[in-house]
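Subject: A structure for you to look at

Dear colleague,

I am handing over the structure below, together with some notes on what was found in it. Please keep the structure open while you read, and look up each residue as it is named.

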Amino acid sequence: MQFLRAYARNPAALIGAALVLAVLAMGLLAPLLYPGDPLSLAGRPLQWPGANPRFPLGTDPSGRDIAAQLFHGARVSLLIGFSATAIAVVIGIGIGALAGFYGGIVDTLLMRVTEAFQTLPNFLLLLVLVAVFGSDIKTVTIAIGIVAWPPVARLTRAEFLSLRTRDFVQACRLQGLSDAHLILREVLPNALPPVIVYASVVMAIAILLESALAFLQLSDPNVSSWGNLIGLGRNVLRAEWYVSAIPGIAILLTILGVSLVGQGLNDALNPRLAGR
């Protein structure tokens, strides 16, 4: 309850939560409002928003309903965002926890692996993975999670290095508790708050990376995603700019909402800020 009260005192965090809930509602309502395949042809191509009551947001260059693609695209973006974030957080926490808890040669080896992944820019490494393993939505999601875990590992390692010498950890050692118990039950719960906050950053990055891939026509063309819709409007950007602008605004608001939620979590989980 104290966490919820601290979160509710932040107006920006509430706005972020409202934006995220709105996108979530779009994804949940998509099958009800727009049943069937959102990529099926619906009418005359390139109808402007408002020109036809059947298509309140217009149609794309192929004659498909933009509103249907927008609502179904919310499901894809959230699925990729949550799934890729989960993959990145699990990998990052596992590597960072082991490196920070044991230190020494274990820390050195695991951090060299982390640095090897950070040698290439995220998007370039993502392009390599997609080119090698394919561009279906499952592969893209896993690839995004793989390129996004190094910062999580570094953050977790820093928290474990700080916590492993605390008195409560040393007291548990004297009781003969196993390393697994110390890592999972004692240190990790205290190291999670900053990792949870950073997970919102990872989710925002995941949505942007998938959109960038789709814009370059390197994501799964068989799913209705906001990035694919932006890519469809690329060739008609000067005349029918709405095709790219509408999903672009949806991505902007989603990223803004996720970022504001992350800032709200940071303030609510920070004892000094929460106590104001």
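Let me begin with one long stretch of the chain: the end C-alpha atoms of residues 74-262 lie 19 Å apart, and this span is 82% helix and 0% strand. Helices here are DSSP runs of H or I with at least four residues, strands are runs of E with at least two, and both are numbered from the N terminus. The stretch was chosen from a record, since UniProt lists residues 74-262 as "domain: ABC transmembrane type-1" in an unreviewed entry. Please bear in mind that UniProt positions are given in the numbering used here, that feature names are shortened, and that annotations may be inferred rather than shown by experiment.

Before going further, two cautions about the model itself are needed. The model is predicted, so local features need pLDDT of at least 70 and side-chain atom pairs count only at pLDDT 80 or more, while totals for chains, interfaces and linings use all residues. Residues are numbered from 1 along each chain as its sequence is written, and side-chain values use heavy atoms, with hydrogens and water left out.

The overall picture

The protein has 12 helices and zero strands, and its C-alpha trace spans about 75 × 45 × 30 Å along the principal axes. Of its 276 residues, 45% count as buried, where buried means under 20% relative accessible area, exposed means over 50%, and partly exposed lies in between, with a 1.4 Å probe and protein chains only. The accessible surface comes to about 13,800 Å², of which 67% belongs to carbon and sulfur atoms; such areas come from the Shrake-Rupley method with a 1.4 Å probe, and for residues only the protein chains shown count as cover. Among contacts (heavy atoms within 4.5 Å) between residues at least 6 apart in sequence, 70% join residues at least 24 apart.

The same unreviewed UniProt entry lists residues 12-34, 78-102, 123-149, 195-218 and 239-261 under "transmembrane region". Among them, residues 195-218 are 88% helix and 0% strand, with end C-alpha atoms 30 Å apart, and residues 239-261 are 87% helix and 0% strand, with end C-alpha atoms 36 Å apart.

The domain assignment, whose bounds come from an automatic or database source, gives domain 1 (1-34 + 234-276) and domain 2 (80-223). The C-alpha centres of domain 1 and domain 2 lie 23 Å apart, and nine residues of domain 1 are in contact with 12 residues of domain 2.

Salt bridges

How many salt bridges does the count come to? A salt bridge here is a side-chain nitrogen of Lys or Arg within 4 Å of a carboxyl oxygen of Asp or Glu, and by this rule there are four. One of them joins the side chains of Asp-60 and Arg-64, at 3.2 Å from N to O; Asp-60 is buried, at 0% relative accessibility, and Arg-64 is buried as well, at 15%.

Asp-107 forms a salt bridge with Arg-157, with the closest N and O atoms 2.7 Å apart. Because Asp-107 lies in helix 4 and Arg-157 in helix 7 (residues 150-163), this pair ties together parts that are 50 residues apart in sequence. Asp-107 is buried, with a relative accessible area of 11%, whereas Arg-157 counts as partly exposed at 22%.

Glu-115 forms a salt bridge with Arg-154, and here the closest N and O atoms are 3.4 Å apart. This pair also links distant parts of the chain, with Glu-115 in helix 4 and Arg-154 in helix 7, 39 residues apart. Glu-115 is partly exposed, with a relative accessible area of 32%, and Arg-154 counts as partly exposed at 32%. Arg-112, Glu-115 and Arg-154 are linked in a network of salt bridges.

A nonpolar patch

Finally, Leu-98, Tyr-102, Ile-105, Val-106 and Leu-109 make a nonpolar surface patch of about 460 Å². The elements that give two or more residues to this patch are helix 3 (66-102) and helix 4 (104-118), and helix 4 gives the most, with three residues. Patches are made of residues with over 30% relative accessible area and no salt bridge, with like charges joined within 9 Å and nonpolar side chains (Val, Leu, Ile, Met, Phe, Trp, Tyr) within 5 Å. Leu-98 has its place in helix 3 and is partly exposed, with a relative accessible area of 38%.

With best wishes
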